[in-house]
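Reader: Hi! I'm in my first year and still learning how to read a protein model. Could you take me through one part of this one slowly, and then show me how it sits in the rest?

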Amino acid sequence: QLLWEKEELQLQLDSHMRFVPGWDSKARAELNFCSKTSEKPILCSYGAGYSLGTPYWETPQDSSQSVNCANTFDSDGILLIKARELKAPLDQPRKHYFWG
């Protein structure tokens, strides 16, 4: 928060992510979609998995959507989150309790 300089958007990820072509345009479209029901929308998801050794130019083929759900508590009592695949895309944005 101390480093915030009025940026319009923020992207947070880890080094285990791979992106499909046009990911930034797709993310902005999703953000605009969510803006219909929220003044301050947040996109949150777990990226599609891939196997180590897969060439970097091979992009994830899985286009399924998921929602973050409560999983279980760890030994320190911290709630762990998991992604649950949706059977069909959402027709409209939904408010949700969990962020990844």
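Author: Happy to help; what follows is a close look at one charged pair, and then a walk through its surroundings.

Please keep in mind from the start that this is a predicted model. Let's begin with the pair itself. How many salt bridges does the structure hold? The count comes to one. Its partners are Glu 8 and Arg 28, and their closest N and O atoms are 3.9 Å apart. That falls inside the cut-off, because a salt bridge asks for a side-chain nitrogen of Lys or Arg within 4 Å of a carboxyl oxygen of Asp or Glu. As a general idea, side chains of opposite charge can pair when their charged atoms come close.

Where do the two partners sit along the chain? Glu 8 belongs to the segment before H1, while Arg 28 is part of helix H1 itself, so the bridge links distant parts of the chain, 20 residues apart. Are they buried or exposed? Glu 8 counts as exposed, with 66% relative accessibility, whereas Arg 28 is partly exposed at 45%. For the wider charge picture, the protein chain carries 11 positive and 13 negative side chains. The centres of those two sets lie 7 Å apart.

Now let's stay with the segment before the helix. Met 17 is found there too, ahead of helix H1, which covers 23–34. With a relative accessible area of 31%, Met 17 is partly exposed. Why can Met 17 be part of a surface patch? Patch members need over 30% relative accessible area, so Met 17 passes with its 31%. Its companions in this nonpolar patch are Leu 11, Leu 13, Phe 19 and Trp 23, and together the five residues have about 440 Å² of accessible area.

Following helix H1 along, we come to Cys 34. Here the picture changes: Cys 34 counts as buried, at 15% relative accessibility. Setting aside residues up to four places away in sequence, Cys 34 touches Pro 41, Leu 43 and Pro 93. Ala 88 is 54 residues from Cys 34 along the chain, and their C-alpha atoms are separated by 17 Å.

Next comes the loop between H1 and E1, where you can find Ser 45. Ser 45 is partly exposed, with 47% relative accessibility. The C-alpha atoms of Ser 45 and Gln 65 are separated by 8.8 Å, with their positions 20 residues apart along the chain.

Strand E1 spans residues 66–73 and includes Val 67. Val 67 counts as buried, because its relative accessibility of 17% is under the 20% limit. Which residues does Val 67 touch, beyond those up to four places away in sequence? They are Lys 82, Ala 83, Arg 84, Leu 86 and His 96. Between Val 67 and Ile 42, 25 residues apart along the chain, the C-alpha separation is 13 Å.

Finally, let's step back to the whole chain. Its secondary structure comes to one helix and two strands, arranged along the sequence in the pattern α-β-β. Of its 100 residues, 8% are buried. Among contacts with a separation of 6 or more, 42% join residues 24 or more positions apart. The chain exposes about 9,200 Å², and carbon and sulfur atoms supply 53% of that area. Taken along the principal axes, its C-alpha atoms fill a box of roughly 40 × 40 × 35 Å.

Terms used:
Residues numbered from 1 in each chain as written. Predicted model: local features only at pLDDT ≥ 70, side-chain atom pairs only at ≥ 80, totals over all residues. Heavy atoms only, no water. Patch = residues over 30% accessible without salt bridge, like charges linked within 9 Å, V, L, I, M, F, W, Y side chains within 5 Å. Areas by Shrake-Rupley, 256 points an atom, 1.4 Å probe, with all protein chains shown as cover. Helix = DSSP H or I, 4+ residues; strand = E, 2+ residues; numbered from the N terminus. Buried < 20%, exposed > 50% of the residue type's maximum accessible area, 1.4 Å probe, protein only. Contact = heavy atoms within 4.5 Å. Lys, Arg positive; Asp, Glu negative; His and termini not counted. Charge placed at Lys NZ, Arg CZ, Asp CG, Glu CD.
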